[in-house]
Structure formats: C-alpha cells, structure tokens
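Thanks, everyone, for making the time this morning. I would like to walk through one structure with you, starting from its charged pairs and then moving on to helix packing and a few individual residues.

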Amino acid sequence: MNIYGQTIAMLENYFKSFGENPAKAKIVFKALYREKITSFMDIKSLSLPIKSKLQKDFTQQQIELITEVNGQDACKYLFRLADGHTIETVLMKHDYGNGLCVSTQVGCNMNCIFCESGKLKKVRNVETHEMVGQLLYIMDILQLPVSHVVLMGIGEPFDNYEHVMDFIDIITDPLGIGIATRHVTISTSGITPKMLEYAKRETLNSLAVSLHAPNDELRSKLMPINKKYPIKGLVNAARIYTQNSNKKVTFAYIMIKNVNDSDDCALELAELLKGINCYVNLIPYNKTHSTHYEPSDKERISKFFDILKKHNINVTVRRKFGDKMNAACGQLRSDYNNTM
C-alpha cells in the first residue's frame, strides 16, 4: 500500500490492528506532511520495530513527471503513474494564490462531446495516493505554493467517490497538507445520487456543477450523462447541497458559439436557476483539434451575462487560462499518447 493514500482514521485502525496506540497515526501524518520525511526510519519518535513494520507494509512511491508546458498564467504537467498510465495536472496562477486542478480518473466515461479528456475512455480510477501525489509533486518537488485545489481535471470525481473523499480528508487535515476546506472545489457533470450522498457529509467543500445547457434536450446532446440524470434532479440535488452547506453552488456553463449561447438559452437558464443560492460561471470554450466547436465571441458572452444579471442571477465570466498552451483538459495527454 502507498502511505499517501491513508487518512488519519485509516492509520489509527492500522495501529490498532497490531495492538499499538492509535495516536501514533498523528505522528506518522505529521512526519509525512510537515517534516517531509523520505524514509520511515527518519521518524524519531517511533520505535525501531514500528518503523520497520511501516517500511514493510507501506511504500512512499511518488508519481513521475513526464513533461510540463509553462504559460504566463498556467502550467500543465503530464505525470506517469506506476502502471504506465498518464494523467494531467494544471497549476493556475491567480491574484489570490495558485490553484491546482487535479485529475481523478485515467480517462473519462462521461463522453461530453465538447471535452478533450472524454475522447480517451476511462481505464481506471486514480487512487487516493496518486491524487495526493499530484499535489505533493507541485508543492514539495517543484517548490510551488498551492492555496486552492479543484477536482476539475481528467475524470468525473463522483465516479471515483471513495478515493476522492479520502483525498479531500488528507489534504484538508490540519496535520496533513492543511488546505482550507473552503478552498477545495469538487466539479461534477451531475451524478445525482452521489451529489445527494455527498450533501450528507459533515464537512462540505465547494461544489461546481457542469451544466452547459438550460434544458434536457440540449444538455443530453452535449452531455450524455443527462439522459440518466436529467436536469430537474440535478438542480434539486444542487439545491439540497446549498441548504446543507450554507454555500453557493457554482453552475459552470461553457459558452459554445451557436450552440448554447443564444438569448433564449440565457432566459431559460435564468428561469431554471431562479431561487437557488448559486452563481453561474460563464467559461469561454477552449477550442481543441478534435472538435468542430468554436468559442462564443466576446459580444455574445457579454449579452448572455447581461441577461442573467437582469434576472438577478449571480454571474461571472471565467478568465481564460493558458489558451496558447493546449489548455483544454486532456489535450496534453492526448497529444502525448498520439506520439507513442
């Protein structure tokens, strides 16, 4: 097992399993994430037999960086996992700090027709330690600070629910990496049952829902997941999340020219979201080499924005990151695989 996939609760159970004080879990956690030990033998406050057992039972193997592409406001990293599969991680530079976009699956089965990462089908889930590894590589090896984490990379986080929840518990633990709970955002394409399960958790992070259309007919064309989990149930699950968390839910809406950017779409979206504690994040589409879609022009986005505002919907337009550097999610991985 990889130690970076273990929450404190898991480590407590591990120590209990052979009659040791479960408090030793916190010692290990602190050593890993605060003292940055590279060998269990370096944990000074544990006895040699326990350190030897840890060394026998766990590995500290890290993921491997294959390549990186640096831009003015974003850096993309392609990592190789232990079994040879690859994933992407993106560091986004904001005025308030660096945000890291983490991948949760090798490939994706959501098959959103505008999405590059969906062109490479899901091979497997990314395990907890591999998600933690993406963050540790950036922070510890590259020495780049990270204040925000978004699970918006390759894959659907709620299709890898248990590993994602463990990842969040590890990185937000004060003895772990210590990312603030409010600075972790989960993005979902709308797996409604998992959204409802998540909404029951004691501590809730920020939630972003990939909506991209105001009605079932259009959304089902763009996002096949909508055929299984239609908009009505999706929006209701988002409403329950807001009630349980006292947080706004973000509805992400990619602006695609002549597809979902009309005045009628804006009016329908305003009606759909009326009364929900939310805001809409309008995202200029990142064109890729494998789709024929084009981004909406600035004037159209501005008009869409104004209509939502007029109908009392909180709305922002997301700044475009790295549009000169294969910014679409999954594009770096796709390009690399095509050369192999």
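Let me begin with Glu 294 and Lys 287, whose side chains meet in a salt bridge with an N to O distance of 3.2 Å. Please keep in mind throughout that this is a predicted model. Of the two partners, Glu 294 has a relative accessibility of 36% and counts as partly exposed, and Lys 287, with a relative accessible area of 41%, is likewise described as partly exposed.

Staying with Glu 294 for a moment, its place is in the loop between β11, residues 278–284, and α11, residues 298–310. If we leave aside the neighbours within four places in sequence, Glu 294 is in contact with Met 255, Ile 256, Lys 257, Tyr 285 and Lys 287, so the salt-bridge partner appears in that list of contacts, where contact means heavy atoms within 4.5 Å. For Met 255, which sits 39 residues away along the chain, the separation of the C-alpha atoms from Glu 294 is 8.9 Å.

How many salt bridges does a search of the whole structure find? The search returns 14, and I will pick out a few of them. As general background, side chains of opposite charge can pair when their charged atoms come close.

One of these pairs joins Asp 140 and Lys 36, with 3.1 Å from N to O. Asp 140 belongs to helix α4, residues 128–141, whereas Lys 36 is in the loop between α2, residues 24–33, and α3, residues 48–57, so this pair ties together parts of the chain that are 104 residues apart in sequence. As for exposure, Asp 140 is partly exposed at a relative accessible area of 27%, and Lys 36 is partly exposed at 39%.

Another pair is formed by Asp 169 and Arg 201, where the closest N and O atoms are 3.0 Å apart. Here Asp 169 comes from helix α5, residues 161–172, and Arg 201 from the loop between α6, residues 192–198, and β9, residues 206–210, so the parts tied together are 32 residues apart in sequence. Asp 169 counts as partly exposed at 35% relative accessibility, and Arg 201 is partly exposed as well, with a relative accessible area of 24%.

Besides these pairs, there is a network of salt bridges that links Asp 83, Arg 124 and Glu 130.

Let me turn now to helix packing. Two packed helices are described by the angle between their axes and the distance between the axes. For helix α1, residues 8–17, and α2, the axes come within 8 Å and cross at roughly 130 degrees, which makes α1 oblique to α2. The crossing of α1 past α2 is right-handed. On the α1 side the contact is made by Ile 8, Leu 11, Glu 12 and Phe 15, and on the α2 side by Lys 24, Ala 25, Lys 26, Val 28 and Phe 29. Sorted by class, this contact of α1 with α2 has 6 nonpolar residues, no polar ones and 3 charged ones.

Just ahead of this, in the segment before α1, we find Gln 6. Is Gln 6 buried or exposed? Its relative accessible area is 10%, and Gln 6 is therefore buried, the cut-off for that class being under 20%. Not counting residues up to four places away in sequence, Gln 6 touches Met 1, Leu 11, Phe 29, Phe 58 and Ile 170. Leu 11 and Phe 29 are also among the residues that make the contact between α1 and α2.

Finally, a word on backbone angles. Most residues other than glycine have a negative phi. Which residues depart from this here? One is Gln 143, whose phi is positive at about 60 degrees although it is not a glycine. Gln 143 is placed in the loop between α4 and β7, residues 148–151, and at 59% relative accessibility Gln 143 counts as exposed. Another is Asn 312, which is not a glycine either and has a positive phi of about 65 degrees. Asn 312 lies in the loop between α11 and β12, residues 314–317, and Asn 312 is exposed, with a relative accessible area of 71%.

I will stop there and take comments.

Methods:
Residues numbered from 1 in each chain as written. Predicted model: local features only at pLDDT ≥ 70, side-chain atom pairs only at ≥ 80, totals over all residues. Heavy atoms only, no water. Salt bridge = Lys/Arg side-chain N within 4 Å of Asp/Glu carboxyl O. Helix = DSSP H or I, 4+ residues; strand = E, 2+ residues; numbered from the N terminus. Buried < 20%, exposed > 50% of the residue type's maximum accessible area, 1.4 Å probe, protein only. Axes fitted to C-alpha atoms, helices over the stretch in contact; angles between N-to-C directions. Parallel < 35°, antiparallel > 145°, perpendicular 65-115°, else oblique. Left-handed = near helix turned anticlockwise from the far one by under 90°. Nonpolar A, V, L, I, M, F, W, Y, C, P; charged D, E, K, R; others polar.
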